[in-house]
Amino acid sequence: MTEVVVIGGGPAGMLAAIFSARAGHRTVLLEKNEKLGKKLYITGKGRCNVTNETDTESLIGQTVSNPKFMYSAYYTFDSWQAISFFESIGLPLKVERGHRVFPASDKSSDVIAALYSELKRQSVDVRLGCQVNGIKKTDGSFIVDTSKGEVAGTYVVLATGGLSYPSTGSTGEGYDFAKSFGHTVVQPVPALVPLNVDLPWVQGLQGLSLKNVRFTLFEGGKAVYSDIGEMLFTHFGITGPLVLSASSFIKGSKGLRGEIDLKPGLDKDKLDKRLLRDFEKNANKHFKNSLDALLPNRLIDAVITLSGIDSEKLVHQITKEERLKIVDLLKHLTFSISGKRSFKEAVITRGGINTKEINPNTMESKLVDNLYFAGEVIDVDALTGGFNLQVAYSTAVLAAISIDEKGLK
C-alpha cells in the first residue's frame, strides 16, 4: 500500500510529493491532465514568477485572506528556502523589479521540467491522465477511486487547486472531496482578475498602458485598495498588476469605483504650477495641442472630453477655474466599475476549504485524521508577485513534513 497519495499535479502537489518522497515515504501523485503543471505553464505570461525574494513578515503582509493561518507554513518553508530548493534541483533563477523571482531562461516549462525530474529522482509514482472520482476512508486508510483503478494510502494530500483558469483543469472537484468528509467551503470567487468598466472612453483606450500611476479602488464609498504601479486599458475595462491586486479586496459587486492619479509624485499645487508653465509655453495653441508633455497622446482626447473644455479653445483663454478643473481631473480620473471578469481570466481563487477546519501547524484536517490540504484549494490567497505560488509551496512542504513527523510517532 502506498503511504502518501497526493491528488493534484500543480505546484502544491508536486512539492508535497517531492518532500514526502525525500522523507522516505512511498508516494503516488495523481494528476487528471496529460501533463503536470498545466496552470503553472501559463503563469506569468509563460515566464513563471516562482516566488518573491522577501522575508516572512512581508509574505504574511501580502496575503489577503487568512494571513495568520499561514504563519507556521511560511516559517517552515519561506521564499529563501523556495529559491534554494529550485536552484538545488537545477533551475537557475534571477530576481527582477519588486523582488520577483523568475527562471533565468524566462521559461515556465523549465520550472515544470525541473520539478518533474526531481519527482522521478525521488521515485514518486506519477500517474497522469488519472481522474479522481472520489475518496473514502476505511479501517484507518484511504481508498481513492480513480479512472485507472483504486489507490490505497495511509495519508492523502488534497492539492487540487481552485477554480481559476478552468481550461487548465481547475474545476473545483477538491471542494467536493473535502465536503464528502464534512468540511465546509467558503464560497469561491475570482481573485487577481481584470475589471469591467462599461464606459466608451475607457474602452476606447484599449491597449494603453499607464506606468507609475496610483490606482485606488472604492467599494461603497470606502477606499479598499490604493497603490502605485502599472495598469492597462482593455476592450472591456482595465487590467494590469494594480488592477489585479485591487480586485482581491472586492467584497461584493455594487458601489465599485476606480480612481487614477496620473501624477502621484505631484500634489495639486505643484501639478497646477507645472500645468501653468506648459500653458505659458503653448499660450497661442489650441487646448487639444497643449498637453503632449504631460500625458500620453491617446489619453489627451479622453481628458479633454471629461474636462468639458472646448478642444479648439486657445490656451491663453483658459480660465484659472478651468485649469484647476484639469488638475483635479489628472489627480482624480474617476469611473464606475461594473464588476469582475470570470474565473476564466482569474489568476487565483479566493475562497475554498475553511481554514478553521485545518490545523495551521500541520495542514491536517481537524475533522479527518491523516487528510491534509495544500495550495489553492485552501481559503488563502495573496497578491501578485509570486506570493500565491509561495502559498502553494509553504503549505505543501508543511503538510509533507507533518506527515513524516506523525509517521515517526
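Buried here means under 20% relative accessible area, and both Phe-279 and Phe-287 meet that label. Keep that cut-off in mind for the views below, which come from a predicted model.

**Figure 1. The whole chain at a glance, as a predicted model.**
Before zooming in, here's the overall layout. The protein chain has 13 helices and 19 strands. Along the principal axes, its C-alpha atoms fill a box of roughly 85 × 40 × 35 Å. Out of 409 residues, 54% count as buried. If you take the contacts with a separation of 6 or more, 72% of them link residues 24 or more positions apart.

**Figure 2. Phe-279 and Phe-287 form an edge-to-face pair, one of 11 aromatic pairs in the structure.**
A pair of aromatic rings is described by the distance of the centres and the angle of the planes. There are 11 such pairs to pick from. In one of them, the rings of Phe-77 and Phe-85 sit 6.5 Å apart, centre to centre, and their planes make an angle of 70 degrees, so this pair counts as edge-to-face. For Phe-279 with Phe-287, the centres are 6.4 Å apart and the planes are at 85 degrees, again edge-to-face. As for burial, Phe-279 and Phe-287 are both buried.

**Figure 3. Five aromatic residues gather in one cluster.**
Go back to Phe-77 and Phe-85 and look around them. Together with Phe-19, Phe-86 and Tyr-393, these two make up one aromatic cluster. Phe-77 is buried, and Phe-85 is buried too.

**Figure 4. Helix H1 runs roughly parallel to helix H6.**
Here the axes of H1 and H6 (residues 108-121) come within 9 Å and cross at roughly 30 degrees. Angles under 35 degrees count as roughly parallel, and H1 and H6 therefore get that description. The crossing is left-handed. On the H1 side you'll find Met-14, Leu-15, Ala-17, Ile-18 and Arg-22, and these meet Leu-115, Glu-118 and Leu-119 of H6. Sorted by class, the contact has six nonpolar residues, two charged ones and no polar ones.

**Figure 5. Gly-13 is a buried glycine in H1.**
Staying with H1 (residues 11-22), this view picks out Gly-13. Its relative accessible area is 0%, so Gly-13 is buried. Which residues does Gly-13 touch, leaving aside its neighbours within four places in sequence? They are Val-6, Gly-8, Leu-29 and Ala-159. You can also look across to Gly-37, 24 residues away along the chain: its C-alpha is separated from that of Gly-13 by 9.3 Å.

**Figure 6. Helices H11 and H12 cross obliquely.**
The axes of H11 (residues 297-307) and H12 (residues 320-331) come within 10 Å, with a crossing angle of roughly 125 degrees. That angle makes the two helices oblique to each other, and the crossing is right-handed. Val-303, Leu-306 and Ser-307 are the H11 residues that meet Lys-325, Leu-329 and Leu-330 in H12. This contact has four nonpolar residues, one polar and one charged.

**Figure 7. The buried residues of H11 pack against two helices and a strand.**
Now for H11 in its wider setting. Its buried residues include Leu-299, Ile-300, Ala-302, Val-303, Ile-304 and Ser-307. The partners they pack against are helix H8 (200-203), strand E12 (209-219) and H12. Right after H11 comes Gly-308, with a positive phi near 75 degrees.

**Figure 8. Ile-358 is a buried loop residue.**
Look for Ile-358 in the loop between strand E18 (348-353) and strand E19 (371-373). Is this residue buried or exposed? With a relative accessible area of 0%, Ile-358 is buried. Not counting residues up to four places away in sequence, Ile-358 touches Phe-69, Ile-353, Met-363, Glu-364, Lys-366, Phe-373 and Ile-378. Gly-221, 137 residues away in sequence, lies 35 Å from Ile-358, C-alpha to C-alpha.

**Figure 9. Phe-387 is a buried residue of helix H13.**
The last close-up shows Phe-387 in H13 (residues 387-408). Phe-387 has a relative accessible area of 7% and so counts as buried. Neighbours within four places in sequence aside, Phe-387 is in contact with Asn-52, Thr-54, Leu-59, Gln-62 and Ala-382. Arg-100 is 287 residues from Phe-387 in sequence, yet their C-alpha atoms are 9.1 Å apart in space.

Note on methods
Residues are numbered from 1 along each chain as its sequence is written. This is a predicted model: local features need pLDDT of at least 70, side-chain atom pairs count only at pLDDT 80 or more; totals for chains, interfaces and linings use all residues. Side-chain values use heavy atoms; hydrogens and water are left out. Axes are lines fitted to C-alpha atoms, for helices over the stretch in contact, and angles run from 0 to 180 degrees between N-to-C directions. Helices (H or I, at least four residues) and strands (E, at least two) are DSSP runs, numbered from the N terminus. Angles under 35 degrees count as roughly parallel, over 145 as roughly antiparallel, 65 to 115 as roughly perpendicular and the rest as oblique. A crossing is left-handed if the near helix is turned anticlockwise from the far one by less than a right angle, and right-handed if clockwise. Contact means heavy atoms within 4.5 Å. Ala, Val, Leu, Ile, Met, Phe, Trp, Tyr, Cys and Pro count as nonpolar, Asp, Glu, Lys and Arg as charged, and the others, Gly among them, as polar. Rings of Phe, Tyr and Trp (its six-membered ring) pair if their centres lie within 6.5 Å; planes under 30 degrees apart count as stacked, over 60 as edge-to-face and the rest as tilted. Buried means under 20% relative accessible area, exposed over 50%, partly exposed in between (1.4 Å probe, protein chains only).
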